[in-house]
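The following note sets out points for a colleague reviewing this model. It begins with the ligand and then turns to the nonpolar interior.

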Amino acid sequence: MSGRDDPPGARKAGQVKQVTSFSNPLVKDIKALIAQRKHRQRTGRFVAEGLKLATDALAAGWEVDMLAIGPEARDSATAREVAAMARARGATILEVSTPVLAAMTRRDNPQMVVGVYGQKTLPPGSLRAAIAARPDAVWVALDQVRDPGNLGTIIRTADAVGAAGVMLVGETTDPFAVEAVRATMGSLFHVPLVRLQRAEFREIAQAWPGTVVGTHLKGSSDYRTITYARPALLLMGNEQSGLPDEMAEACGALARIPQAGQADSLNLAVATAVMLYEIRRTDLAL
Ligand SMILES: C[S@@+](CC[C@H](N)C(=O)[O-])C[C@H]1O[C@@H](n2cnc3c(N)ncnc32)[C@H](O)[C@@H]1O
């Protein structure tokens, strides 16, 4: 418990609430955060399911607003420890029944911990300093990515190859949508995201100190023949329409991943993974 002897600036420990009603306002709030992008935007918060994600969020210093914990979690020493840490940082702990957890997440088999966290992205104004700080880095940029599963998978892959961050260019799907967060498997808490307009991206690309490579089905270079000078910036196109000319023109090279069969193209997340592993091949000694 925090009290009068707390050091200045210390957060007050959060409350613990027993919630049994499906119509409790906090349950409704979590439901709305899952279902409505507008509610996520308005409140600057989002939901991530699972104990692993709660552990990742706490370890990475993200703001934890609420943790809803089911009966199973109350029997788990790790979950109790995570809840105690979250509470010490000011989070409200909701002790809920499994049916309430299932209703709030619309899942038959809900995770035993459901967290509400503060959204965090890198301000575009700090991007140039972040790029300069890691001259050997690889960045990923996604033009108008639409599918939350693809976005989450790409964030997870970016984390796996040690990329410096992911730029979300133009109108994109919400990285804080529950499907996207789920697909990141916790990498959301480790990979910086920055939102950019297309014009802002083109400015960044123009001043980029290393290679800017776009991927295109009609790319002039086999992706294995390109020299990826650091820092490297990889630009991927939209799932339906690919890279428009105005974005392709911002790239110093256009890479094609050869295909042998009848498929029109690779899935966006798969193509991103192929590219990232090629770019990082020598660094990762693959
Ligand atoms: C599903 S594809 C888009 C297909 C779209 N119909 C088109 O014409 O580009 C999504 C993105 O994945 C990347 N991609 C997929 N397959 C690729 C390939 N064989 N070579 C290069 N990039 C590829 C590109 O960035 C592309 O914009």
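1. The model is a predicted one. In it, a backbone N or O atom of Leu-266 is placed 3.0 Å from a nitrogen atom of the ligand. Of the ligand's 560 Å² of exposed area when taken alone, the protein buries 85%.

2. Further polar contacts to the ligand involve Gln-240 and Thr-215. For Gln-240, a backbone N or O atom lies 3.0 Å from a nitrogen atom of the ligand. For Thr-215, an N or O atom of the side chain is 2.6 Å from a ligand oxygen atom.

3. The ligand is surrounded by 18 residues. Thr-215 and Gln-240 are among the closest, together with Gly-237, Ile-257 and Gln-259.

4. As to the interior, the largest nonpolar core comprises 54 residues. Within this core, the residues with the most contacts are Phe-46, Leu-67, Tyr-117, Leu-142 and Val-213. Helix 12, spanning residues 268–279, contributes the most to the core, namely six residues. Both domain 1 (16–118) and domain 2 (124–279) supply at least three residues to this core.

5. Which residues does Tyr-117 touch, leaving aside those up to four places away in sequence? Its contacts include Phe-46 and Leu-67, which are likewise among the residues with the most contacts inside the core. Tyr-117 also touches Gly-44, Arg-45, Ala-48, Leu-53, Ala-54, Ala-57, Glu-63, Val-64, Asp-65 and Phe-189.

6. Another core, of 21 residues, lies apart from the largest one. Leu-127, Ala-137, Ala-205 and Leu-243 are among its members.

Definitions and conventions:
Residues numbered from 1 in each chain as written. Predicted model: local features only at pLDDT ≥ 70, side-chain atom pairs only at ≥ 80, totals over all residues. Heavy atoms only, no water. Core = buried A, V, L, I, M, F, W, Y, C linked by side-chain atoms within 4.5 Å. Buried < 20%, exposed > 50% of the residue type's maximum accessible area, 1.4 Å probe, protein only. Helix = DSSP H or I, 4+ residues; strand = E, 2+ residues; numbered from the N terminus. Domains from an automatic or database assignment. Contact = heavy atoms within 4.5 Å. Near = heavy atom within 4 Å. Polar contact = N/O pair within 3.5 Å; in protein donor to acceptor, adjacent residues only side chain to side chain. Areas by Shrake-Rupley, 256 points an atom, 1.4 Å probe, with all protein chains shown as cover.
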